[in-house]
Every structure is written in structure tokens, then in C-alpha cells.
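Trainee: I'm new to this structure and would like a close look at a single part of it, the nonpolar interior. Could you walk me through that slowly?

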Amino acid sequence: MKKIVVTGGSGKVGRALIRDLIAHGYSVINIDLVPSTEPLCHFLKADLNDMGQAMDAIRRAAGTVERRRPFEIAEGVIHLAGIPAPGLAPDVTTFQNNLMTTYNVFSAATTFGVKRVVWASSETIFGLPLTRVPPAFAPITEEHPDLPENSYALVKLMSEEMARQMHRWNPDTSFVGFRISNVIDPTEYPMFAAWQADPHIRKWNLWSYVDSRDVGQACRLALEAPIKGAEHCIIAAADTCMTRPSRELMAEYFPGVRVTRSLGEFESLQSSDKARRLIGYVP
């Protein structure tokens, strides 16, 4: 049974992820500031802003030190901890918290020889909420220009570079970052009905979303995929959250933006094609 450390496992995505991992035979430890409302696995409380606590928590989660015997190494760390969206805290607080927690977790993983780090980047890197500059093209892919518009997005972009450099320092640890779309729990789907009369409400991310269970399966697939280096990819649903065709939405709300290919009727305007190729993700 492979041992996996999840940081931020008490949150929306973390709970879905832990359910998925356990269902697929993994042993999981959740590191967070608060215990989960679904206590499905062992919980360790730690403030990952503190390097000492981060190192100690991941070391303890990876295994216990025995006399004259090295501790067991966790197979992977899935890093979800942090302030989960812009606007939830002052910009400087978001910047400091999310940068330091990521640095500390990445450092602990490379120090202890964890083979794979999967972590939450963000769709906001593409310039969301698309008010200053429209998208360069649609569907958005990983080749879209990086245009962070707030401290939250800026830290996510900096963390992608951090992953590349830390892999260079320690090639035995590989990294997979997910540019995750707006996460929706199964209980939240009734919200979609309220958006249909005014698509402008969801224009800010091209009407994209992703089911929390799909983020969970993507994280698990990323643990198992034969990946070297430091990769990043979009994780989104296959469709939009709207009942109007995708090409019609683009024509009305982004008339000057180039649509690069023929679209399915309700196809997502954030492409998960790279995730499909890289890890076998099928939303």
C-alpha cells in the first residue's frame, strides 16, 4: 500500500482527493491546520508557513525513524494547502502564505527524497478575471500567455518556476502542477441554473469549472504517470457550465478572440488535452 501525504486535505478538493485515494488502495495522511469534517485518514496538525513544522510534519507523515534504520519515504506529496482563491485575504497575506507554504513543502519533499509532488497551480495565471486583457485565443491551452493579475495568480506562476528549479536541484523528485479551474462539489450543481439568464456572471473564466472528484482522480493519476521533470497542465471539466453553445458564447462576449478550432456544442473553453496526454485524465 503506497503512502501519500496530502497537505490541505481538509478542504473541498482535499476531501474528494482523499476519498479517491483510499478507494484506490492508498494509505493517506492529511496535514492541515484543522481536521477534516470527514475523518477518513490520519491527521497531523501543522502550520506549513513554518519551515520547521513543514519539515517535521512531512518527515513524521513519511514514516517513523527507527534505531539504525532510515525512515520509510512517502511515495508522493499532494500539496493543496494555502489560501484557495484571490480576494479571501489581503494581497500581501495571500502572497506570503502561499509562497512560503509551497516553498516549505517542496523543500521538505526534495530533502526527504519524495519521488513525486503533485500540487495545485491555478487557472488565474491566464489573466483571470479577463477584465484587463481578453484571452489571446480559445480554447485556452498551456501555451496561452501568462498574465497574472493579482498576488494569488503571481504566486502560482512563481511556484511553477520553483518546481522547475527544485527538480533541477534534485532530479529524483518530479513535479506536476495543475492549473485547476473553478472547483464545484456535487452538491453545488444547482447553482448552474441561476447563471443561465446572464452568462456575463461566468465570463470571468470562460464559463469553465471542474468537479472536485475529477481533481481527485487527476491527482491520483499524476502520482502514477511516468513523468520526469516539472510539468503543468490544465484540469477542467469537458463542458462549460452553460446551456448555450460555446461558440455562441465566444461570439457574443469575446467577439475579437480567435477560436482556434471547431468546438463541440458545449465544449470547455479551457482545454484539458495536455492532461489527457500526460496522465490519462478524462473528466
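Mentor: Let's go through the interior and then look at a few residues around it.

Keep in mind that this is a predicted model. The protein chain has a mean pLDDT of 94, with 95% of its residues at 70 or more. One stretch to treat with care is residues 64-71, where pLDDT stays under 50. The model has seven contacts beyond four places in sequence for that stretch. Where pLDDT is low, the predicted coordinates should not be read in detail.

Now to the interior itself. In soluble globular proteins, nonpolar side chains tend to be buried together. Here the largest nonpolar core has 30 residues, and V6, L21, I78, F178 and I279 are those with the most contacts inside it. Several elements give two or more residues to this core, among them strands β1 (3-7), β5 (116-120), β7 (174-180) and β10 (230-235). The helices that do so are α1 (12-23), α6 (212-224) and α8 (273-279). Of these, α6 gives the most, with six residues.

If you want one residue to start from, pick L21. Leaving aside residues up to four places away in sequence, L21 touches I4, V6, Y26, V28, I78, R220 and L223. There's also a second, separate core of 27 residues, including I31, A57, V77 and V155.

I31 turns up again when you look at A61, which sits in helix α2 (residues 51-62). With a relative accessible area of 0%, A61 is buried. Beyond residues up to four places away in sequence, A61 touches K3, V5, I29, I31 and L44. For a sense of scale, A61 and D198 are 47 Å apart in space, C-alpha to C-alpha, and 137 residues apart in sequence.

Next, have a look at the aromatic rings. A search of the whole structure finds eight aromatic pairs. Take F106 and W119: their ring centres are 5.6 Å apart and their planes stand at 75 degrees, so the pair is edge-to-face. F106 is in helix α3 (residues 91-111) and W119 is in strand β5, so this pair ties together parts that are 13 residues apart in sequence. F106 counts as buried at 0% relative accessibility, and W119 counts as buried at 3%.

Elsewhere, ring pairs link Y189, F192, W195 and Y209 into a cluster. R202 lies over the face of W195, 4.3 Å from the ring centre. Likewise, K203 lies over the face of F254, at 5.1 Å from the ring centre.

Finally, turn to helix α7 (residues 246-253), where S246, L249, M250 and Y253 are buried. Looking down the axis of α7, you'd see its buried residues fall within an arc of 95 degrees, so they line one face of the helix. What covers them includes β6 (137-138) and β11 (258-259).

The loop between α7 and β11 holds V257, which is buried with a relative accessible area of 12%. Not counting residues up to four places away in sequence, V257 touches P134, P135, A136, F137, A138 and M250. V257 and A136 are 121 residues apart in sequence, yet 6.5 Å apart in space, C-alpha to C-alpha.

Notes: Residues are numbered from 1 along each chain as its sequence is written. This is a predicted model: local features need pLDDT of at least 70, side-chain atom pairs count only at pLDDT 80 or more; totals for chains, interfaces and linings use all residues. Side-chain values use heavy atoms; hydrogens and water are left out. A nonpolar core is a set of buried Ala, Val, Leu, Ile, Met, Phe, Trp, Tyr and Cys residues joined through side-chain atoms within 4.5 Å. Buried means under 20% relative accessible area, exposed over 50%, partly exposed in between (1.4 Å probe, protein chains only). Helices (H or I, at least four residues) and strands (E, at least two) are DSSP runs, numbered from the N terminus. Contact means heavy atoms within 4.5 Å. The arc is that of the directions from the helix axis to the C-beta atoms. pLDDT is the predictor's confidence in each residue, from 0 to 100. Rings of Phe, Tyr and Trp (its six-membered ring) pair if their centres lie within 6.5 Å; planes under 30 degrees apart count as stacked, over 60 as edge-to-face and the rest as tilted. A charge sits over a ring if NZ of Lys or CZ of Arg is within 6 Å of the ring centre and within 35 degrees of the ring normal.
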